[in-house]
Amino acid sequence: MSDEQDKLFAKSRAVTTGFRFDEQVVKVFPDMIARSVPGYELVVPMIGMLARRYAQEDTRIYDLGCSLGAASLAMSLAVHTKGTEIVAVDNSEAMVARCKKNVAEKSHNLPIEVRLQNVLDTPVENASVVVLNFTLQFLERDQRQRLINQITAGMCADGVLIFSEKICFENEGEQADQTAWHHGFKRAQGYSELEIAQKRNALEDVLQPETEATHFKRLEAAGLARPRRWFQCFSFASYIAFK
Ligand code: GEK
C-alpha cells in the first residue's frame, strides 16, 4: 500500500501551490522521495552507519521529521549500544499513523517511540545522535536557529547532529546547472515536464533551501563544531556536526 507510484502531479491541476504531507502523499511517499531526491536511498542506510559510530549507551537518538520512519528503522538495525532508544517525531498525522504501522511490522533492535509533534515543541534530552533528514528545509527560516539551538542544548558531550537538505548556491550559473541536473534526474525517473513543473510550484513556498554557508553559520552560532559534508548529489547534501 505504501509502495504506490507517485502520480500526484501527473494531471494538470488548477491549484498547485501549498504542498502538504497528507494521506495522498503518504500513500506514494517511498516512491516519491526515491524518484525526487537523488541519493536518498543511499543516505538512509549511511545515516544508520553513522549512528552506529556515534550512538552512546543509555542515550537517545532523535529522528526529527521522521515521515515513515526510514532513518529510524535504518538506525535501529545498525546501532548496537546498550540502553539506546529512538524517538521519531513528525507533525503530519497521516505520516505518523503509517510510521507506527511500519515500526510495528518491520524488524528493529532498538525501541522506537513514534510521536505526533512539531519538532519545535520536541524536548531534546540526553541525545547522542540527532537526525534531521530533509526536514529543516520545511521550517520557516526564522525558526531554524531556535530548533538547532534546542537540539544542541539537549545533546550530550560528543553528540552529533546529522542533517540532510536541499541546498541552494550563491553563484547563479551553478544554481542553474544544479537545477537542470536535478530536473534531468527527475526526467530519468519517469516524471513528465508537467509533473516536474507542478511539483516545483507546489513546493515553492513550502521548501526553502539555503546555502551551505548559511547552514554552517547557524551550526556555529548554536555551538556545534566541525561541520562536514559527507554526501552530495546535485543540490542534495548531507552533513554531520559535533558538540
Ligand atoms: C526520511 N526524514 O524518510 N515538525 C515535525 N515534522 C515536520 C515539520 C515540523 N515542524 N515540518 C515538516 N515535517 C524522512 C524524510 S520528509 C522530506 C523527511 C521530504 C515533516 C513532514 O511532515 C515530512 O514527513 C518530513 O518532515 C519531511 O528519512 O518529503 O522531502
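This is a guided tour of a predicted model, moving from the whole chain to three residues that can be selected in turn.

**The whole chain**

Begin with the chain in a cartoon view coloured by secondary structure, where eight helices and seven strands make up the assignment. If you draw a box along the principal axes, the C-alpha atoms fill roughly 50 × 40 × 30 Å. The radius of gyration is 17 Å, which agrees with the value near 18 Å that a compact globule of 243 residues would have.

Switching to a surface view, you are looking at an accessible area of about 11,500 Å², of which 49% belongs to carbon and sulfur atoms. Colouring by burial instead, 52% of the 243 residues count as buried. If you compute a contact map and keep the pairs at least 6 apart in sequence, 79% of those contacts join residues at least 24 apart. Selecting the charged groups next, the chain has 29 positive and 32 negative charges, and their mean positions lie 2 Å apart.

**First stop: Ser-72**

Select residues 70-78, which form helix α3, and pick out Ser-72 within that helix. Is Ser-72 buried or exposed? Its relative accessibility is 0%, and with the cut-off for burial at under 20%, Ser-72 therefore counts as buried. To see what surrounds Ser-72, show Asp-63, Ile-86, Ala-88 and Ile-112, which are the residues it touches once those up to four places away in sequence are set aside. Then add Gly-48, which is 24 residues away along the chain, and draw a distance between the two C-alpha atoms, which comes to 8.0 Å.

**Second stop: Glu-210**

Move on to the loop that runs between α7 (193-203) and α8 (212-222), and select Glu-210 there. Although Glu-210 sits in a loop, this residue counts as buried because its relative accessibility is 6%. Which side chain does the side chain of Glu-210 meet in a polar contact? The partner is the side chain of Arg-144, at 2.9 Å. Extending the selection to the contacts of Glu-210 beyond four places in sequence brings in Arg-141, Lys-166, Ile-167, Cys-168, His-215 and Arg-218 among them, and Arg-144 is also in this set.

**Last stop: Ala-202**

Finally, step back into helix α7 and select Ala-202. With a relative accessibility of 1%, Ala-202 counts as buried. For a distance across the model, label Leu-120 as well: 82 residues along the chain separate Leu-120 from Ala-202, and their C-alpha atoms are 23 Å apart.

Methods:
Residues numbered from 1 in each chain as written. Predicted model: local features only at pLDDT ≥ 70, side-chain atom pairs only at ≥ 80, totals over all residues. Heavy atoms only, no water. Helix = DSSP H or I, 4+ residues; strand = E, 2+ residues; numbered from the N terminus. Rg over C-alpha atoms; globule rule 2.2 N^0.38 Å. Buried < 20%, exposed > 50% of the residue type's maximum accessible area, 1.4 Å probe, protein only. Contact = heavy atoms within 4.5 Å. Areas by Shrake-Rupley, 256 points an atom, 1.4 Å probe, with all protein chains shown as cover. Lys, Arg positive; Asp, Glu negative; His and termini not counted. Charge placed at Lys NZ, Arg CZ, Asp CG, Glu CD. Polar contact = N/O pair within 3.5 Å; in protein donor to acceptor, adjacent residues only side chain to side chain.
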